[in-house]
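Work through the exercises below with the sequence and the model side by side, and try each task before reading its solution.

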Amino acid sequence: MNQSFEITDADASLIFDSRGSETIEVELWSEKTSARVAAPSGKSRGSNEAVPFPPRGVVEAVELFERELKRRLVGFDPVDQRGLDMVLKEVDGTSNFSRIGGNLSYAVSAAAALLAAKLTDTPLWKYISNLSGIKPSFPLPLGNVLGGGAHAAEGAPDIQEFLVFPAKPSTAEDAFRTNIEVHRRLGRVLIQSVGGYGGGKSDEGGYAPPIEDKTALKYVAEAARGLDVGLGLDVAASTLYNPQTKTYVYRNRGVQRTTREQFNFIQELVESYKLSYVEDPFEETDFESYSELCRAFPSLLVCGDDLVVTRKELVRKAAERRSVRAVILKPNQVGCITDTVEAAVEAERHGIVRVVSHRSGETCDAFLSHLAVGLGGRFIKAGVVGGERVAKANEILRIWRKHRSELAIKEVASA
Ligand code: PGA
Ligand code: ZN
C-alpha cells in the first residue's frame with residue numbers, strides 16, 4: 001500500500017546569493033520532517049527561460065507565495081511531484097512563470113522533491129532517478145577556471161567560460177582534485193605573466209585577467225599540461241550577438257564577427273586547443289550553425305544551453321536537427337522538477353549527454369548534485385572553487401562515499 005504524506009506548513013523567504021543579489025528559498029514541513037531549497041540566479045539567460053522573479057523582485061515573489069501559493073501547498077502530498085508542479089503552473093497562469101517567478105516555483109518544486117525523498121526514506125539522487133527512470137551516474141566535474149563576458153569586468157575575455165574536466169579520474173576525489181590543481185596552477189601562471197593582474201576572479205570563481213580569448217586559452221592549456229584533462233568553452237554567444245547587425249560583438253577587443261566568421265573562429269579554437277566541449281557557440285536561434293559544427297567535428301561535445309533552456313521541446317528540436325551532442329540542464333530555467341526531468345528524459349532518448357549546471361549566482365544549496373546523479377549526468381558543471389561551488393563538489397563526494405557500489409567507479413573512468 002502506498003503511504004500518503006502531507007505538507008503541513010510552507011515558507012518562502014528572501015536570501016542572498018554569491019553575488020550578493022537577492023534570491024529566494026523555500027521550506028516545506030510535514031509532521032515528521034522538513035526540507036529547504038534555495039534557488040540560484042543566472043545573469044546570461046536565454047530568452048526562452050522562465051522569468052526568474054516577478055516585476056518587483058523577490059519581495060513580490062514572497063508576497064505572492066503568502067497570498068496565493070501557501071494555502072494550495074498545505075495539505076498537498078509532496079510525493080505527487082507532477083501534481084504539485086501542475087499547481088505551480090496553475091497559480092502562475094503564464095507559460096514562463098512570469099507572474100510568480102521561475103525561481104519561486106523551482107524552489108517550491110525542489111523542496112517538495114527533497115521532502116518526499118526524506119519521507120520515503122530514499123536518497124534524493126535515487127528519488128530523482130526513480131522519477132526520471134534514468135540510470136544514475138557519477139558525474140564528472142566540469143569547472144570554470146577562467147571567466148569573462150557577462151561574468152567579469154571589462155577587459156576580461158569576451159568568451160564567458162574557460163572550462164576543464166578530468167578525463168579519466170580513478171577516484172571521485174581525484175576528479176575534483178584535478179580541476180582544483182588546474183585552477184591553482186593557472187592562478188600562478190596568470191599572476192606571473194599578465195602585467196598588473198592581481199588575481200581577480202569572475203562571478204563563478206574563475207580567474208578574470210585582462211587578456212583576449214586566445215591568450216586565455218593558451219594559459220589554460222599551459223596550466224593543464226601533463227594532467228589528463230579535457231578543455232572546453234562556454235561562449236554564451238547570445239550575449240555577444242547583435243540581431244540588428246547580425247554580428248557577434250567581441251566588445252572588449254573591439255572585434256565584430258559575422259556568423260561565418262564566428263564559425264571559423266570557433267573552428268580554429270577547437271582545432272588549435274584540441275577542445276572537447278563547446279557550449280553555446282552561436283546565438284540561441286541558430287540551430288543550423290550548431291548542426292554544421294557537429295558535422296565538422298564528429299566527437300566534439302557541442303552543448304546547448306540558451307539554445308534549449310531545459311525545455312523538452314527544444315531538446316527534441318536540437319536532437320532532430322542534430323544540432324547538439326550535449327545539453328545543459330538548469331532546473332530554474334524551466335521552473336520545476338517535472339519539466340527538468342522531462343528535458344533529461346528527452347535527451348536520454350536521443351543519446352544526448354546531460355550537463356547538469358549551476359548558475360552564476362549561487363548559494364551553498366547542494367540539491368543540484370543529487371539532480372546530476374539522478375538524471376544520469378555525464379557532467380556536473382558547478383565551478384571549481386568558492387564556497388557555493390565547492391558545496392556541490394562536497395555533496396557529490398558524500399553521495400559517492402555512501403553509495404559507490406550503486407555508482408560503479410568504472411562510470412568515472414569510462415565517461
Ligand atoms: P548564468 O550563465 O548562470 O549567468 O545565466 C551560466 C551559463 O551560461 O552557463
Ligand atoms: Zn552556458
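**Exercise 1.** Are Glu-279 and Asp-305 buried or exposed?

*Solution.* The model is a predicted one, in which local features need pLDDT of at least 70 and side-chain atom pairs count only at pLDDT 80 or more, while totals for chains, interfaces and linings use all residues. Residues are numbered from 1 along each chain as its sequence is written, chains are lettered from A and ligands numbered from 1 in the order in which they are written, and side-chain values use heavy atoms, with hydrogens and water left out. Glu-279 is buried, and Asp-305 is buried as well, where buried means under 20% relative accessible area, exposed over 50% and partly exposed in between (1.4 Å probe, protein chains only).

**Exercise 2.** Identify the protein donors of the zinc ion (ligand 2) and place them along the chain.

*Solution.* Begin with the atoms: Asp-234 (OD), Glu-279 (OE) and Asp-305 (OD) are the protein donors of the zinc ion, at 2.0 to 2.2 Å from it. Donors here are N, O and S atoms within 2.8 Å of the metal (3.2 Å for Na, K and Ca), and water is not among the atoms, so sites may look incomplete. Next, read the spacing of the donors along the chain, which is D-x44-E-x25-D. The pair Glu-279 and Asp-305, 26 residues apart, links distant parts of the chain, with Glu-279 in strand β10 (residues 277-279) and Asp-305 in the loop between β11 (301-304) and α9 (312-320). Helices (H or I, at least four residues) and strands (E, at least two) are DSSP runs, numbered from the N terminus.

**Exercise 3.** Describe the surroundings of ligand 1, from its polar partners to the composition of its shell.

*Solution.* First take the distances to side chains: an oxygen atom of ligand 1 lies 2.5 Å from a polar side-chain atom of Ser-360, one is 2.7 Å from an N or O atom in the side chain of Arg-359, and one is 3.1 Å from a polar side-chain atom of Lys-330. The protein covers 100% of the 280 Å² of accessible area that ligand 1 has on its own, with areas from the Shrake-Rupley method and a 1.4 Å probe. Then sort the shell by class, which gives no nonpolar, five polar and ten charged residues. Finally, consider its origin: domain 1 (9-121) and domain 2 (131-414) each contribute at least three residues to this shell, the bounds coming from an automatic or database domain assignment.

**Exercise 4.** Examine the backbone and setting of Asp-121 and Lys-246.

*Solution.* Most residues other than glycine have a negative phi. Asp-121, however, has a positive phi near 55 degrees; the residue sits in the loop between α3 (102-119) and α4 (124-132) and counts as exposed because its relative accessibility is 70%. Lys-246 also has a positive phi near 55 degrees, lies in the loop between β7 (241-242) and β8 (247-250), and counts as exposed at 54% relative accessibility.

**Exercise 5.** Which residue shares a polar contact of 2.8 Å with the side chain of Asp-339?

*Solution.* Locate Asp-339 in helix α11 (residues 337-349), where it counts as buried because its relative accessibility is 15%. The partner is Lys-89, whose side chain is joined to that of Asp-339 by the 2.8 Å contact. A polar contact is a pair of N or O atoms within 3.5 Å; within protein, one must be able to donate a hydrogen and the other to accept it, and residues adjacent in sequence count only if both atoms are side-chain atoms.

Terms used
Ala, Val, Leu, Ile, Met, Phe, Trp, Tyr, Cys and Pro count as nonpolar, Asp, Glu, Lys and Arg as charged, and the others, Gly among them, as polar.
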